[in-house]
Amino acid sequence: MSIVLGVESTAHTFGIGVVKNGKVISNVRDMYTTKKGGIIPVDSARHHRTVAEDIYQRSLKEAGISEGEIDAIAFSQGPGLPPCLLEGMKFSKSLSKRLKVPLVPVNHCVAHLEIGRITGAKDPALLYVSGANTQVIAYAAGKYRVFGETLDIGVGNFIDNFARYSGIGFPGGPKIEAIAKKGKEFIDLPYKVKGMDVAFSGILTNLKQKLDSKKYKIEDLAYSMQETVFAMLVETAERALAHVGKKELLLGGGVACNSRLVEMCEKMCEGRGAKLFVPNKSLLVDNGAMIAYLGEIMFEKGLGFKGEEMENLDIKPRQRTDDVEVRWK
Ligand code: AMP
Ligand code: MG
């Protein structure tokens with residue numbers, strides 16, 4: 001029985017959530033955006049520093065608790081952009097010191113998977129589709145294993161890059177989804193699935209050439225892009241489900257806000273007698289509640305750090321999902 005506060009800061013979002021006995025009691029966040037162009041890591045880090053105190057106060061208020069009730073602080077240790085991760089860790093360490101409670105380092109990708117329990121998923125494979133990450137992850141034989149992943153860029157970054165090239169700011173995903181709805185003609189694009197892995201950079205180059213040629217409508221390109229890359233993602237997710245013998249597919253990451261992707265996943269799951277779980281948007285995107293949720297599970301197993309050990313914790317910008325030492329299951 002505990003109250004754990006979680007801090008998320010891996011990329012564009014600074015979020016703080018509070019979990020009490022496995023229930024999310026607050027989840028507040030603020031996102032760094034741009035009108036034109038992509039994320040500049042140091043600018044995003046500055047954003048996090050600027051909003052941190054306000055998000056903290058609002059999160060406590062939403063949770064209806066005072067800071068003295070907090071039993072532990074959890075933070076996103078990696079993977080992510082180093083300047084952004086550092087801001088989150090600095091904030092968390094100083095809070096942990098001031099409140100004299102342990103600090104729990106959490107892997108961001110595993111948190112996306114574990115928060116799926118709130119939706120009722122028990123042992124799912126996660127299709128994790130965010131800005132920087134694109135992976136199919138499942139827990140098998142004592143580890144979180146990556147069954148398939150992007151060989152180059154994350155699908156969200158791919159979509160944002162396509163959007164940026166078309167003159168749309170960050171994040172481009174929601175705008176591209178709206179534009180794609182008006183597309184009528186399907187344009188053939190490269191389809192890049194290699195085993196259980198996917199690749200996007202060749203498709204991006206192809207799309208840019210098509211935009212430059214001015215022969216195609218942006219609506220048709222956006223529509224065809226979604227149909228093509230979502231089919232690639234669904235194909236690898238299905239192969240992973242078959243491979244690990246799981247009957248639940250969970251979605252995570254901002255790209256899973258896309259209703260066409262959800263629809264395609266639904267069809268695939270229906271076809272093979274599997275169940276699809278889609279957390280509500282506030283738990284799908286980067287958020288502090290999922291960090292607090294996994295943080296509480298780890299804290300209950302004694303995996304918090306104090307004193308010098310806490311001071312020595314560091315960020316892990318390139319931490320891989322399958323490198324996470326699982327000591328709480
Ligand atoms: P995350 O890194 O998980 O917070 O997700 C951010 C990414 O999700 C960005 O690349 C967004 O462009 C993308 N995204 C958000 N909403 C949508 C949408 N409706 N369709 C496609 N991508 C989206
Ligand atoms: Mg994420």
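Begin by selecting ligand 1 in this predicted model, where 16 residues surround the ligand and the closest are His12, Ser130, Asp160, Glu177 and Gly254. If you colour this shell by residue class, you will find four nonpolar, nine polar and three charged residues.

Next, show the secondary structure around ligand 1: helix H4 (155-165) and helix H5 (173-180) each contribute at least two residues to the shell, and H5 provides the largest share, namely three residues.

Now turn to the individual polar atoms. Select glutamate 177, whose side chain places an N or O atom 2.8 Å from a nitrogen atom of ligand 1, and then asparagine 258, where a polar side-chain atom lies 3.1 Å from a nitrogen atom of the ligand. At valine 255 display the backbone, since a backbone N or O atom of this residue lies 3.4 Å from an oxygen atom of ligand 1. On its own, ligand 1 has 510 Å² of accessible area, and the protein covers 93% of that area.

Move on to the magnesium ion (ligand 2), whose protein donors are His108 (NE2), His112 (NE2), Tyr128 (OH) and Asp286 (OD), at 2.1 to 2.4 Å from the ion. Along the chain, these donors follow the spacing H-x3-H-x15-Y-x157-D. Histidine 108 belongs to helix H3 (residues 108-114) and tyrosine 128 to strand E6 (residues 125-129), so this pair ties together parts that are 20 residues apart in sequence.

Finally, select those two donors again and display the surface: are they buried or exposed? Histidine 108 counts as buried because its relative accessibility is 2%, under the 20% cut-off, and tyrosine 128, at 0% relative accessibility, counts as buried too.

Note on methods:
Residues are numbered from 1 along each chain as its sequence is written. Chains are lettered from A and ligands numbered from 1 in the order in which they are written. This is a predicted model: local features need pLDDT of at least 70, side-chain atom pairs count only at pLDDT 80 or more; totals for chains, interfaces and linings use all residues. Side-chain values use heavy atoms; hydrogens and water are left out. A residue is near a molecule or strand if one of its heavy atoms lies within 4 Å of it. A polar contact is a pair of N or O atoms within 3.5 Å; within protein, one must be able to donate a hydrogen and the other to accept it, and residues adjacent in sequence count only if both atoms are side-chain atoms. Accessible areas come from the Shrake-Rupley method with a 1.4 Å probe; for residues, only the protein chains shown count as cover. Helices (H or I, at least four residues) and strands (E, at least two) are DSSP runs, numbered from the N terminus. Ala, Val, Leu, Ile, Met, Phe, Trp, Tyr, Cys and Pro count as nonpolar, Asp, Glu, Lys and Arg as charged, and the others, Gly among them, as polar. Donors are N, O and S atoms within 2.8 Å of the metal (3.2 Å for Na, K and Ca); water is not among the atoms, so sites may look incomplete. Buried means under 20% relative accessible area, exposed over 50%, partly exposed in between (1.4 Å probe, protein chains only).
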